[in-house]
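Trainee: I am new to this structure. Please take me through one part of it closely.

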Amino acid sequence: METLFYKKHYIWEKINKEMKEEVFKVAGDYKKFIDASKTERLSVNEIIRQAKEAGFKNFKDQDKIKHGDKLYYINKEKAAVLVVVGKDDIEKGMNIVGSHVDSPRIDLKQNPLYEDHGITLLKTHYYGGIRKYQWVAIPLALYGTVVKENGEVIDIAIGDDENDPVFYITDLLPHLAKDQNDKKLSEAIEGEGLNVIIGSLPAEGKDDEKKFKLNVLKILNEKYGMIEEDFLTAELEIVPAGKARDVGIDRGMIMAYGHDDRVCAYTSLRAILELDSPQKTAVALFADKEEVGSNGNTGMHSMFFNNMIAELIATINNGNYSELLLKRALENSHMLSSDVAAGVDPTYPQVTEIQNAAIMGKGVSLVKYTGSRGKSGANDANAEYIGKLRKLFNENDVVWQTAELGKVDQGGGGTIAYIMANYNMDVVDLGVPVLSMHAPYEIVSKTDVYMTYKAYKTFYNNF
Ligand code: MN
Ligand code: MN
């Protein structure tokens, strides 16, 4: 009778001593990756650095492409694609794992700098679905890219080196927070209240009207050659300061900024870097702008992936391009939309329907449909495709579970799955369960990280 029941397992129940060591090894490597990847641009940098080290070549430099070639493609420094060319013709379809490398954060406004009561601050506009009250009174770092009028590009990174200063958004003291305490949680901190402290000393010398702001500009000018107008042509991001840390006395979990979705980016990166000679062409896709709807030329609604595959087909066929081959290549493909799932939080179990929710440590989470209130906006993967994945994972000891994003009518969300499904390829969401998603620091289980990497590698090698 036992086998008639479906039962989920904790990964720990199914692994031996060597695998436990492997779990901690992968987790350690992941922590280094995420510490180097605080923004979408830095994530792409780190992905390409590791790809080059593993022998991947710039796709744009290739005249001929053949089976076994390992290629990378960068789209505007914020999105990337890695390809390992398979034995089968590409029009038979690719095995694609697609994640996103942008994470919720606080962007600087175009003209951000001002002084008020002896403090110099930066105006901001938050990016993605943050709960604003979580981002005040914590150490923050400043990252980004400034383009000067002469075209020179300056990279800025302040706040993560232990000798760096950090930045800070203030909150009210409890003694004077009566009015704020009476507000709804979602309204207690306003968007225009996320002002970041960047300085508090006046410039020396004559008694200028804006000498506090001037002092910050002088420091920026000395360090980076910047003038205030350079802020207009910059992309500067405020993110939590600090490195990834183990959580718990047994070190079973990792706390870091940006697990959503850099944990799926890392596990798919690791899987594709270890590939040698796959039957089907393997693709790891690292998109930008998922957290704000996948728009813009680096988001998945952009044609960049479509165009890149068109170029790939043309190069494989010695310059002969056929639109029909492109359509076949995309339509015959299979994709794992690799994004994080909401894990069951023991402190807030009431928002999830436990039988259909991801349990931390019970494996990589397959989400058939996302959407909200009646599956609105969902991709809703086909049972036939999930059936093939089920067989593949069960035969290869991939510990997996199905998951849904919370109780029906409690909320919802989406990923890049529905966009890729427009090519008529089979797509399903599959990724790491996370606690405190979109908070400055999120939590994952090391076992789930390992099992997600194993799932992607199995998919590339055997699907
Ligand atoms: Mn995500
Ligand atoms: Mn997200």
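Which residues coordinate the manganese ion (ligand 2)?

Mentor: Keep in mind that this model is predicted. The manganese ion (ligand 2) is held by Asp260 (OD), Glu291 (OE), Glu291 (OE) and His438 (NE2). Coordination distances run from 2.1 to 2.6 Å. Along the sequence, the donor residues follow the spacing D-x30-E-x146-H.

Look at aspartate 260 next. Aspartate 260 bridges the manganese ion (ligand 2) and the manganese ion (ligand 1). The two ions lie 3.4 Å apart.

Glutamate 291 and histidine 438 link distant parts of the chain, 147 residues apart. Glutamate 291 lies in the loop between strand 13 (281-287) and helix 7. Histidine 438 lies in the loop between strand 21 (433-435) and strand 22 (442-445). Are these two buried or exposed? Glutamate 291 has a relative accessible area of 12%, so it counts as buried. Histidine 438 is at 15% relative accessibility and is buried too, because the cut-off is under 20%.

Now step out to the sheet. Strand 13 belongs to an open sheet of nine strands, with mixed pairing. The strand order is 1-2-3-13-4-14-20-16-18. Strand 1 (57-58) and strand 18 (400-402) are the edges, and each pairs on one side only. Strand 18 runs parallel to strand 16 (residues 364-367), and three bridges join them. Within this pairing, serine 365 has glutamine 401 of strand 18 as its bridge partner.

Two helices that pack on this sheet come next. Helix 7 touches strand 2 (70-75), strand 3 (79-84), strand 4 (94-100) and strand 13. The direction of helix 7 makes about 35° with that of strand 3. Helix 11 (residues 446-462) touches strand 4, strand 13, strand 14 (334-337), strand 16 and strand 20 (426-431). The direction of helix 11 makes about 150° with that of strand 4. Strand 13 is thus touched by helix 7 and by helix 11.

Finally, follow helix 7 to its partner. The axes of helix 7 (residues 304-316) and helix 8 (residues 323-331) come within 10 Å. They cross at roughly 120°, and the crossing is right-handed. From helix 7, the contact uses Phe305, Asn306, Ile309, Ala310 and Ile313. From helix 8, Leu325, Leu326, Ala329 and Leu330 take part. Of these contact residues, eight are nonpolar, one is polar and none is charged.

Terms used: Residues are numbered from 1 along each chain as its sequence is written. Chains are lettered from A and ligands numbered from 1 in the order in which they are written. This is a predicted model: local features need pLDDT of at least 70, side-chain atom pairs count only at pLDDT 80 or more; totals for chains, interfaces and linings use all residues. Side-chain values use heavy atoms; hydrogens and water are left out. Axes are lines fitted to C-alpha atoms, for helices over the stretch in contact, and angles run from 0 to 180 degrees between N-to-C directions. Helices (H or I, at least four residues) and strands (E, at least two) are DSSP runs, numbered from the N terminus. A crossing is left-handed if the near helix is turned anticlockwise from the far one by less than a right angle, and right-handed if clockwise. Contact means heavy atoms within 4.5 Å. Ala, Val, Leu, Ile, Met, Phe, Trp, Tyr, Cys and Pro count as nonpolar, Asp, Glu, Lys and Arg as charged, and the others, Gly among them, as polar. Donors are N, O and S atoms within 2.8 Å of the metal (3.2 Å for Na, K and Ca); water is not among the atoms, so sites may look incomplete. Buried means under 20% relative accessible area, exposed over 50%, partly exposed in between (1.4 Å probe, protein chains only). Two strands pair if DSSP finds at least two bridges between them.
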